[in-house]
2 protein chains.
Amino acid sequence: MRISALAEAAGLPVATVKFYLREGLLQPGVATSATQASYDESHVRRLRLVRALIGSVGLSVQQARAILELVDDPGDDLYSTLGRAVEALPPAVERREGDDPYPRARAALAALGQVFDPEYAAVAQLESALAAAEAAGMPISDERLQQYGDLLRKLAAFDLERMPEEPHAAVEYTVLGTALYEPVIVALRRLAHQDQAARLRGINR
Amino acid sequence: MRISALAEAAGLPVATVKFYLREGLLQPGVATSATQASYDESHVRRLRLVRALIGSVGLSVQQARAILELVDDPGDDLYSTLGRAVEALPPAVERREGDDPYPRARAALAALGQVFDPEYAAVAQLESALAAAEAAGMPISDERLQQYGDLLRKLAAFDLERMPEEPHAAVEYTVLGTALYEPVIVALRRLAHQDQAARLRGINR
DNA sequence: GTGATTGGATAGTGTTACTCTCCAATAATA
DNA sequence: TATTATTGGAGAGTAACACTATCCAATCAC
C-alpha cells in the first residue's frame, strides 16, 4: 500500500498523512526505493488512533505524540507510565513549588482518605479545577466531594478489575482508557443530567 | 475603580482586560466621561469567572462567551438552556442528518433505559466518543456502559437534588456546574485510578 | 499647567494544525 | 521504450486563535 492508498483508507488528505509522518505520530513505511515506501493495516489502525486522539478527544499534536510514545514504549512500571500519560493529557498544569502547593487538592484527598503522590499531575489538575470552581463562586462542598469521590472510586475499581494481565496490554489499556473513556464519561454525565431533568420536568407538568 | 485598578485586582494585564471588553466577555463599566469608565466588584468577579472558564476549564473565547451569555440571559426554560450550554462546551461536534445519525449513542442510551432528545448535543458527543474508542481498538463493552451509566446517573441525581429553587440561580448552577465540575470529576477519576493502582501495587510487593 | 491615564481602534505577535508547492526519482502504462 | 503519473521529502504558506502592543485625542490628578 502506497501513501495515497493509505490516506484514502484512513479518509485523510495525503498532505495530512505526510504531516503526521513528519511529526512522528505515524511510524514510517518500509522504504522500497528512494521515492517509495509501503504501508500496511497497522498504519491504517494507527491513523485511526491518531484521529481519535486529536479529532475526538481533542488532544494537540504534541499531547498525542506523548501518549503514543508511551503506548509504543511503555517501560516496565505501569504506575509511572500512567503518571506520564496524565501529565500529557489536558488540562495542562504547571508543577508548583513550595510547601503545600496544592492545598485544596490535599484537603480534598485527605477527606476522601485516598493515598496520592503529590508529583502525580492529576493532583495539580484537581487543585486547578477546585480553584476554578471557587473563583467562579461555585466551590465544591464537602458533601459533593464525598459523593463524587465515592462514585469515582467505584468507577476506578471497575476499570482496574478489567485490566489485562499482560504488561504491554495493561499499559495500553490504562493509558488509552484514560484518554478515550473520559469523553464518554463526560457525555454520559451530561445525558444523565438531561434524563433526570426530563423526568423532573415530566413530574412538574 | 478604573481599568488599571480592575486589571490589578484580577491579576491580569490591562491589555487583556481591554481585549475581554472588546470580545464581550466583560460587561462595560459605567462611562463617566469620554475617556473614563468606572468598574466595581462585579467586574472583578466576572474576570475571575472568565479566567476560570478560559484558563482552567480550557474553553475558547467563543465558547466562554456563549456560556456567559446563557448565564446572563437564561431564558425561561432550564431544559433548553442546558441544551444550549452543552452545545457551547467541548467537544465541538457537528449535528448529523439522515435516519439514525447516532447509532452507537442510540443503542447505548436504549441499553441504559435513558430518555434523550436526539437534538441534545451530548448525544452527538457520546457518539463521537464511542466511535473514537472503537476506532482506537478499545470499544466500550455493554458491561462497562452499564456500570458507567449507573454511576453517572447517581451522580446526576445528586446534582439535581441540590439545584437551587430560584430559576436564575438554577440556570447558573446547571450551566456553570456542567462547565466547572467536569474537570473536577476527570481529575478525581484519575486520582481514584492512582489510588487503586497504588493499593494493588502495595499488595503485589 | 503638565505629565500620566483612559477608552477605543488598529496592527502586530507567537502558536498551532494543517495545506500547498516544488523537486528529482521512480513507477505505471501505452 | 516513451511518456505520464505518483512518490517521499522538504519548505513555505495559511487561517484561526488569544492575546499584546502601539497610537491617539480626551481627560484626570496634582
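Which base atom of DNA strand D is 3.0 Å from an N or O atom in the side chain of A:Lys18? A base nitrogen.

## Before we start

This is a predicted model, where local features need pLDDT of at least 70, side-chain atom pairs count only at pLDDT 80 or more, and totals for chains, interfaces and linings use all residues. Residues are numbered from 1 along each chain as its sequence is written, chains are lettered from A and ligands numbered from 1 in the order in which they are written, and side-chain values use heavy atoms, with hydrogens and water left out.

## Around DNA strand D

Let's stay with strand D. There are 24 residues around it, and A:Ile3, A:Ser4, A:Lys18, B:Phe19 and B:Ser60 come nearest. (A residue is near a strand if one of its heavy atoms lies within 4 Å of it.) Looking at the DNA atoms within 4 Å of the protein, 70% belong to sugar or phosphate and the rest to bases.

Besides A:Lys18, there's A:Gln36, with a side-chain N or O atom 3.5 Å from a sugar or linking oxygen of strand D. A:Ala37 uses its backbone instead: a polar atom there is 3.4 Å from a phosphate oxygen of strand D. H2(B) gives the largest share of this surface, 5 residues (helices are DSSP runs of H or I, at least four residues, numbered from the N terminus).

## Around DNA strand C

Now for strand C. Of the 24 residues around it, A:Phe19, A:Ser60, B:Ile3, B:Ser4 and B:Lys18 come nearest. Sugar and phosphate make up 70% of the strand C atoms that come within 4 Å of the protein.

What lies 3.3 Å from a phosphate oxygen of strand C? An N or O atom in the side chain of A:Tyr20. B:Gln36 has a side-chain N or O atom 3.4 Å from a sugar or linking oxygen of strand C, while a backbone N or O atom of B:Ala37 lies 3.4 Å from a phosphate oxygen. Here the largest share of the surface, 5 residues, comes from H2(A).

## Helix H3 of chain A

H3(A) covers residues 41–56, and its 16 residues should span 22 Å at 1.5 Å a residue (you multiply 1.5 Å by one less than the number of residues). Its end C-alpha atoms are 21 Å apart, which agrees. Buried residues here include A:Val44, A:Leu47 and A:Leu53 (buried means under 20% relative accessible area, with a 1.4 Å probe and protein chains only). Just after the helix, A:Gly58 takes a positive phi of about 85 degrees.

## A spot in chain B

B:Leu126 sits in helix H7 (residues 121–135) of chain B. Buried or exposed? B:Leu126 is buried, with a relative accessible area of 0%.

Methods: Helices (H or I, at least four residues) and strands (E, at least two) are DSSP runs, numbered from the N terminus. Buried means under 20% relative accessible area, exposed over 50%, partly exposed in between (1.4 Å probe, protein chains only). A polar contact is a pair of N or O atoms within 3.5 Å; within protein, one must be able to donate a hydrogen and the other to accept it, and residues adjacent in sequence count only if both atoms are side-chain atoms.
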